[in-house]
Structure formats: C-alpha cells, structure tokens
Amino acid sequence: MDCDVVIVGGGPAGLAFARSLEGSGLQVVLLERAPEAALANPRFDGREIALTHGSKRILEALGAWERLPADEIAPMRAAKVLNGDSPFALSFTAGGGADEQLGYLVPNHRIRAALYDAVKQQLGLQLVTGAEVVHARSGATGPRAEVLLSSGEIVRARLLVVADSRMSKTREALGIAADVHPLGRSMLVARVRHELPHERVALEWFDHRQTLALLPLNGRLASAVLTLPEDAARRVAAFDDAALGRDLTRRFRQRLGRMEVVSDRQLYPLVTTWAHQFVTGRAVLIGDAAVGMHPVTAHGFNLGLSGQALLADEVRGAVRRGMDPALPAALRRFENGHRAACQPLYTGTNLLVRLFTDERLPARAMRHAVLRLGAGLPFVQPSVRAMLTH
C-alpha cells in the first residue's frame, strides 16, 4: 500500500494530525491496533483532560469541539496548590475578559470520540484498524518510509508520523532512543460525588507520602486523583466503592464533605519519557511518542495537540510550495519548535515532582518556601495565564 502520509496510532494526537491534513491533497493512511468500534465508542478511562484555551481553539478548528457533549465540558475558574499541613495555598485564577475561565475539563474518552467522528468520513484518509506494526524504516536514504504490519502488508509513505504511545514500539524500531523513567508510583482516578460545592476550583495537594488532586466537574461531581507508591495504590484500588469513598473523604480531610464514588476506578503506573530525537529521515514523532509528561501539571495532552498542529503547518506549507511533505527543513523547524515548547515544561515538571514527593525534612521546608516565593513574584500569575491561553 502506497500513500503520502502514514500515521501510526489512532489516539488523540494521531487523529488530530489526520484531521489537520484535511484538504491538503495528501493521501493519508492511519494505522490503529484497536478495532474501529473502540475508536468510535471509547470506554470511560477516568482521565479528565485539563484543556488550555489554545487547545480549545485547535479542537474548534478541527471540528471536534462542537462534537463534545456540552454537559461534559466543565469550565475551571481557578486552581490551588497546597503543601502538607500548611494552610497557605498558591492560587491561580483566570485573567478575566474573553478568557474568563482558567481552562476546561473534558473526559479523555469524549475527546477521542469527537476526533474520530471528525475524521471518519474525511476525504483522502484511509483508516486501517486492527493493524499491528511490527517494524518500521525511516526512509532516510530513499523516497519512502516503510511500515511492516503483522499481516505481512507493507505500507510505504513519503512521511511516517509516529503517534502510538510513550512506550512506542515504532519509535524503538526506528532506532530512536528515549529516556524512560518508571516512577514507582501509580495514579488512581475515580469520579466522586461530594457534599460541598467545589466552586470550579481545581486542587493539587502535595501531602505527606501522597499526592492528591480534585478536578471540578459539572454539578457536585469531581475527579479524585490519588498518587501513591505502586503497592499502596493497588491496595486502595481493591477497595469496594463504599470503602474507597470513605478513604478518599479521609485523605482529602473532608474539604468537600463526604465523598461517594460514582464511577469505575482506574489505576495508571506513572512513567515519563523523552525521545532523544523527534525526527529521523522521513519519520516524525508526535504526542506521547515524543514526550510523555508527568500528569501533575496537566501539560502532556496540550503539548501533544500543539505539536501536531505545528507539524501539520510545516507539512501543509511544504506541499503548497510543491515540495516533499517530509522536506528536511520543514521537519527541522518542527523539531526545534516543539523541543523549545516541551523541554522547559518537561524539565520543570520533573524537578517539581522530585521536590514535592521528597519526604526528607530539608525538601519539605524547601517546597513550602517555593510556594511562598511563587505567590510573591509578580510575573507568576501572568506567566501561568499565558501558558494556559496559548
């Protein structure tokens, strides 16, 4: 099978990139290991995505935002960061005006379904599901990259875009090394109903030997996120709903009153990744295949969306000029731009996590000082707002 662009991975980054190429005149093949039914109706996975205003604009341009259920879009007015027993909170609020919300919380499975619905009848796009990639070549010295499927079929394309996962086998097959860091901790997520109003304020609480988050949904619902060492997380995940509700109520110190679990709980081992290259030959990495962020600052999904948009702009620009979609200069601009956007956030988030999960007394004193310093710096609020807006 020959095409102009082959995309490996039908997650949000891969689907968004396919949609971004609509009307480009390129013949696109999207390969996804899961069956098509899983793309059309993805299961609830517990993940609530904190979308920036920039990500909202991208989803609007792709025709995906209008396909989201309105009652599942939860505006977020503010966020607070707490440390241990300290009553002090570092708060971030919206700047007012047109962007009066800090961001929007939307279930991951709803975003995936909306993106699939946007691309399912797209002209020039062929969606191949149940397709498992067993090998790939970047086409560095030839006119085509190649992807070998478990069925024995070979897909040849002028541009190969890898968007499968942070543990990408396709990235490995291309010989691209990556820093992979299992953190020895797992994140337990579940929706809860609570007694007191959350006032659309998200909470991140670095408590002793645990990290807690509350993401405000519509009504008196929230997503409770509990991060613990892996063994402890598995024990808590085994509780029945009533016991888990009591445990979460205790851990959150009844900040929102009694909590009742109202969804399946999900458990995710935490791993961060950073690919040493985003481009090799005719192959490009986007989404988690390029950068797998720690979820604590909620940047990973937004970086994936902005990265695919940057790549699509470069590819479309090359094609408009009658050039190769894998034009080396265009791919270099994508790599340099995406690295510049990701590296400070990736490095800063990892440093933040190390500091705020270190239980030694000097670290505990330092993180309190860091929060106080952040609140006292006049550029912190505008900087956070600008990051959320773009």
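Is E199 buried or exposed? Keep in mind that what you're looking at is a predicted model. With a relative accessibility of 55%, E199 counts as exposed, because the cut-off for that label is over 50%. To find E199, go to the loop that links β12 (178-194) to β13 (201-207). The backbone there deserves a glance too: E199 has a phi near 55 degrees, which is a positive value in a residue other than glycine.

Now hop along the chain to Q254. Its phi is also a positive value in a residue other than glycine, near 55 degrees. Q254 sits in a loop as well, the one between α7 (241-251) and β16 (259-261). What about its accessibility? Q254 comes out at 55% relative accessibility, so Q254 counts as exposed.

From the loops, let's move to the helices, with α8 as our anchor. Start with helix α1 (residues 12-20): its axis and that of α8 come within 9 Å and cross at roughly 30 degrees. Angles under 35 degrees count as roughly parallel, so α1 is roughly parallel to α8. As for handedness, α1 and α8 make a right-handed crossing. If you want to highlight the contact in your viewer, pick P12, A13, A16, F17 and S20 on the α1 side, then F301, L305, Q308, L311, A312 and R316 on the α8 side. Sorted by class, the residues joining α1 and α8 are eight nonpolar, two polar and one charged.

Next comes helix α3 (residues 53-61), whose axis comes within 10 Å of the axis of helix α8 (residues 300-320), with a crossing angle of roughly 50 degrees. That angle falls outside the parallel, antiparallel and perpendicular ranges, so α3 and α8 are oblique to each other. Here the crossing is left-handed. On α3, the contact is made by S55, I58 and L59, while α8 brings N302, L305, S306, Q308 and A309. The class count for α3 with α8 reads four nonpolar, four polar and no charged residues.

Put the two contact lists next to each other and a couple of names come up again. L305 and Q308 of α8 appear in the contact with α1, and L305 and Q308 also appear in the contact with α3. R316 of α8, on the other hand, is listed in the contact with α1, whereas the contact of α3 with α8 has no charged residues.

Methods: Residues are numbered from 1 along each chain as its sequence is written. This is a predicted model: local features need pLDDT of at least 70, side-chain atom pairs count only at pLDDT 80 or more; totals for chains, interfaces and linings use all residues. Side-chain values use heavy atoms; hydrogens and water are left out. Axes are lines fitted to C-alpha atoms, for helices over the stretch in contact, and angles run from 0 to 180 degrees between N-to-C directions. Helices (H or I, at least four residues) and strands (E, at least two) are DSSP runs, numbered from the N terminus. Angles under 35 degrees count as roughly parallel, over 145 as roughly antiparallel, 65 to 115 as roughly perpendicular and the rest as oblique. A crossing is left-handed if the near helix is turned anticlockwise from the far one by less than a right angle, and right-handed if clockwise. Contact means heavy atoms within 4.5 Å. Ala, Val, Leu, Ile, Met, Phe, Trp, Tyr, Cys and Pro count as nonpolar, Asp, Glu, Lys and Arg as charged, and the others, Gly among them, as polar. Buried means under 20% relative accessible area, exposed over 50%, partly exposed in between (1.4 Å probe, protein chains only).
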